[in-house]
Amino acid sequence: MMRQCPGKQFRCTSHVEMPEDIFAGAKLLQDDQPRPATASDVVALSAALSGNTHCNCCTQSASPLYERNMADHESAKLDHDNHLLLDQSLVRLPHELLRKNFRSAHVVVERDKEAIKRQLREATIKGLNGNTSRDDVLKSLDNIIARGKKLRTKLGACQTEESRLFQQTEARVKHLGQLQGLHTLDDVKYEGWSHARLDRLLVDYLLRQGYSDTACSLATERNIADLVDIETFVAMSRIQNSLRKGKSVAEALAWCADNKKELRKLNSNLEFSLRFQQYVELVRQQTPESQLLAIAHAKKYLYPYQQAYPKEVKQSCGLLVFTPNNPGNPQYAKLFSDDRWEMLADLFTRTYNELLSLPSIPLLHVALSSGLSALKTPACHSHTSGQGVNADGDVDMAGSTGSIGDSSGGAATFATESYTNGRMCPICSAELNELARNVPYAHHSKSHVDHDLMLLPNNRVYGLERLKNHAKKQGIEEGKVKDLRGRDVYDEKDLKKVYIT
Ligand SMILES: [Zn+2]
């Protein structure tokens, strides 16, 4: 079932038909524990996420007399650059991973090359000198061959990874290339493309929330496995869980070791924080052995960073005096607290995102908030300030419309009632009204309403020039105007100037 936006009814600049599922998508974001997306969810939010959601004028002023032809043409034009803003990570991530893969292959080759050359030299010298047995020389050669085979296996894995990343890049470039071939939002192919993008955003969101299985199913079902980063997020999720649930720093430290150089460039404190946590865990055990181990650990991993983290290093010294049951002051109680695991998981997530140039928040949030912002008008939340929209969908500047001023009923009552009259804008719907409350208004550089809007006593709004022309044609006496849609005739002096803010 499709719900119709008022934009279409009033021939708004660029009306949008709101799929039923857009509301399911909005609920997905509202839930603390988001439910896994089903196949039907994936159609959700496409209108709000695509560029054709601009129906600002629908509720701003419901006059049916907007001049639209030029505006329709302009707003239907596809802005490729704006679309690509959201998709930067789509091509950037495989590129980053390719670089990382190449670097690890390079390190392995360099390390093994030197080791093999050294072993070969030693075996040759021993063989030539004759002070070693033939079997020992053969054993050395076997070791060299075994090392060579290991190297081949490692490089084989790097090659497989490289092929996968090239395949992904190719698929992504093709996907973005399809957009370049489209020039208008009305193109039927654009709908298919924007649905594929919505699927990508939902998979990204699910992966970030830890619903890897659902994300995989969705990606497989929609045939977009090459357009989403399942492996990257699954790896991230595994380490997050080892910190949050497993309370273990081992996996995170291994990741730090793999990315040592890059983390140093980022000036990241992740490794230090993980080592600090190891120290806290040793102190927590409160046995003489563990205290000694803690001191040795601090000497090796914490004191060398005294310059960079003076406060933490001092705290680590003080921590030896206290016990988890008697932490002395809140500062030390905090160090013993289990909340530190949550902090470490968040720090890891931030670092991981930064290292791979991934957006720190789900792209779905970015897209949805920009969609909400584009649609939001002052009238959408005006029931709280005594203004609203009457049953005809006309602007009620005086706020005289019955139930909408009820502050206790709030947005939901207003939104539901208004929605059921069939002329509601998406932001005024119960599902999106609260979500949109805190997003800013979009910057609209062009106005598509008449410049000389006047409010008639019946709460309808029209341009003065139009009213005068209409009155002239209808033979109404000078100084009076007639409602363009009704039969009411008013004195010009009874009209009030309307300012669009
Ligand atoms: Zn609204």
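# A walk through the helices

Start by selecting Asn 223, just after H10, where phi is positive at about 60 degrees. The label H10 comes from counting DSSP runs from the N terminus: helices are H or I runs of at least four residues, and strands are E runs of at least two. Before going on, a word about what is on the screen. This is a predicted model, in which local features need pLDDT of at least 70 and side-chain atom pairs count only at pLDDT 80 or more, while totals for chains, interfaces and linings use all residues. Residues are numbered from 1 along each chain as its sequence is written.

**Stop 1: helix H10 and its neighbours**

Now select residues 212–221, which make up H10. Show Thr 214, Ala 215, Leu 218 and Ala 219: these are buried, meaning that 20 or more other C-beta atoms lie within 10 Å of the residue's own (12 or fewer is exposed, anything in between is partly exposed, and C-beta atoms are placed from the backbone). Look down the axis of H10: its buried residues fall within an arc of 130 degrees, so they line one face of the helix. That arc is taken from the directions running from the helix axis to the C-beta atoms. Swing round to the other side of H10 and you meet Asp 213, Thr 220 and Glu 221, which are exposed.

What do the buried residues of H10 pack against? Add helix H9 (188–208) and helix H11 (230–244) to the view, since these are the partners. Contact here means C-beta atoms, placed from the backbone, within 7 Å of each other.

While H9 is on show, check its length: 21 residues, reaching 31 Å from first C-alpha to last, close to the 30 Å expected at 1.5 Å a residue. The expected span is 1.5 Å times one less than the number of residues. Just after H9, click on Gly 210, with a positive phi of about 90 degrees.

**Stop 2: helix H7**

Next, select residues 88–129 for H7, a helix of 42 residues. From its first C-alpha to its last, H7 reaches 62 Å, close to the expected 62 Å. Pick out Leu 90, Pro 94 and Leu 97, which are buried. The buried residues of H7 pack against helix H8 (134–180), so to speak its partner at this stop. H7 is followed by Gly 130, where phi is again positive, near 75 degrees.

A short hop takes you to Lys 77, in the loop between helix H5 (69–75) and helix H6 (80–85). Lys 77 counts as partly exposed because it has 13 C-beta neighbours inside 10 Å. Measure across to Leu 182: the two residues are 105 apart along the chain, yet their C-alpha atoms are separated by 9.4 Å.

**Stop 3: a pair of helices**

Select residues 270–285 (H14) and 310–319 (H16) together. Two packed helices are described by the angle between their axes and the distance between the axes. At what angle do H14 and H16 pack? The angle is about 10 degrees, and the axes are 11 Å apart. H14 and H16 are therefore roughly parallel to each other, the label used for angles under 35 degrees. To see the contact, show Phe 276, Tyr 279, Val 280 and Val 283 of H14 with Glu 312, Ser 316 and Leu 319 of H16.

**Stop 4: two loops with positive phi**

Most residues other than glycine have a negative phi. Asn 267 has a positive one, about 60 degrees, and sits in the loop between helix H13 (260–266) and H14. Asn 267 is exposed because it has 7 other C-beta atoms within 10 Å.

Then jump to Ser 357, with a positive phi near 55 degrees, in the loop between helix H18 (339–355) and H19. Ser 357 is exposed, with 12 other C-beta atoms within 10 Å.

**Stop 5: Ser 373**

Ser 373 lies in H19, residues 363–375. Is Ser 373 buried or partly exposed? Partly exposed, because it has 17 C-beta neighbours inside 10 Å. Leaving aside residues up to four places away in sequence, Ser 373 touches Val 439, Pro 440, Tyr 441 and Ala 442.

**Last stop: colour by confidence**

Colour the chain by pLDDT, the predictor's confidence in each residue, from 0 to 100. The chain mean is 78, and 76% of residues reach 70 or more. Residues 1–71 stay under 50, and so do residues 385–422.

Technical notes:
Contact = placed C-beta atoms within 7 Å. Axes fitted to C-alpha atoms, helices over the stretch in contact; angles between N-to-C directions. Parallel < 35°, antiparallel > 145°, perpendicular 65-115°, else oblique.
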